[in-house]
Amino acid sequence: MSDGENEVYLTEMQGQLPSHLYVHVPKLVSLFPQIEALVAVPKGLPDLLRKGIYFALLQSVVRLLERNTDPLLPEILPEYRELIRSVSETYSVLHPEIESNWLSECIQYGDKSAYHWEWKHFDSHELF
């Protein structure tokens, strides 16, 4: 996906983002094309799955930024692929409906994932 397409998709999604994510769109517009260039979101996904992946990714990036962790660190980049895989697998098992809490769950998963990545790559090394 080119940067232009990504910006268009992020712009289209703005109205659907929860307010706590929406306020971060200016920062995300500059970061997201870089992340997506390194970690491709598969094409041709059902819209609800695609939104779930984007919401989870956006929330994980927001949480990392809030914790002063660069979301483009080499340790973090492979984690985005795993997040995409995990959200996709869960979607294929659950087949959520639009009316479900799917997007909220994806946001929470992105949030928890960012905390886990930080612990896994940085905090756990300090403990041992």
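**Asp 111, helix 5 and the largest pocket**

The side chain of Asp 111 reaches that of Gln 59 through a polar contact of 2.9 Å, in a model that is predicted.

Q: What makes the approach of the side chains of Asp 111 and Gln 59 a polar contact?
A: The two side chains are 2.9 Å apart at this contact, and since a polar contact needs a suitable pair of N or O atoms within 3.5 Å, the value meets the cut-off. A further polar contact, of 2.5 Å, joins the side chains of Asp 111 and Arg 63, and it meets the cut-off of 3.5 Å as well.

Q: Why is Asp 111 called buried?
A: Asp 111, which is found in helix 6 (residues 102-127), has a relative accessibility of 18%; because buried means under 20%, Asp 111 counts as buried.

Q: How do you know that the buried residues of helix 5 line one face of the helix?
A: The buried residues of helix 5 are Leu 77, Glu 79, Tyr 80, Leu 83, Ile 84, Ser 86, Val 87 and Tyr 91. Seen down the helix axis, they fall within an arc of 170°, so they line one face.

Q: What makes the span of helix 5 close to the expected one?
A: Helix 5 (residues 77-94) has 18 residues and reaches 26 Å from its first C-alpha to its last, which is set against the 26 Å expected at 1.5 Å a residue.

Q: Which helices each supply at least two residues of the lining of the largest pocket?
A: Helix 5 and helix 6 each do so; the lining residues include Ser 86, Val 87, Trp 102 and Tyr 109, and the volume of this pocket is about 150 Å³.

Note on methods
Residues are numbered from 1 along each chain as its sequence is written. This is a predicted model: local features need pLDDT of at least 70, side-chain atom pairs count only at pLDDT 80 or more; totals for chains, interfaces and linings use all residues. Side-chain values use heavy atoms; hydrogens and water are left out. Helices (H or I, at least four residues) and strands (E, at least two) are DSSP runs, numbered from the N terminus. Buried means under 20% relative accessible area, exposed over 50%, partly exposed in between (1.4 Å probe, protein chains only). A polar contact is a pair of N or O atoms within 3.5 Å; within protein, one must be able to donate a hydrogen and the other to accept it, and residues adjacent in sequence count only if both atoms are side-chain atoms. The expected span of a helix is 1.5 Å times one less than its number of residues. The arc is that of the directions from the helix axis to the C-beta atoms. On a 1 Å grid over the protein atoms alone, a cavity is a set of points where a 1.4 Å probe fits but cannot get out, and a pocket is an open set with protein on both sides within 12 Å along at least five of seven lines; lining residues have an atom within 4 Å of a point. Grid points are joined across faces, edges and corners, and a volume is the space filled by probe spheres set on the points.
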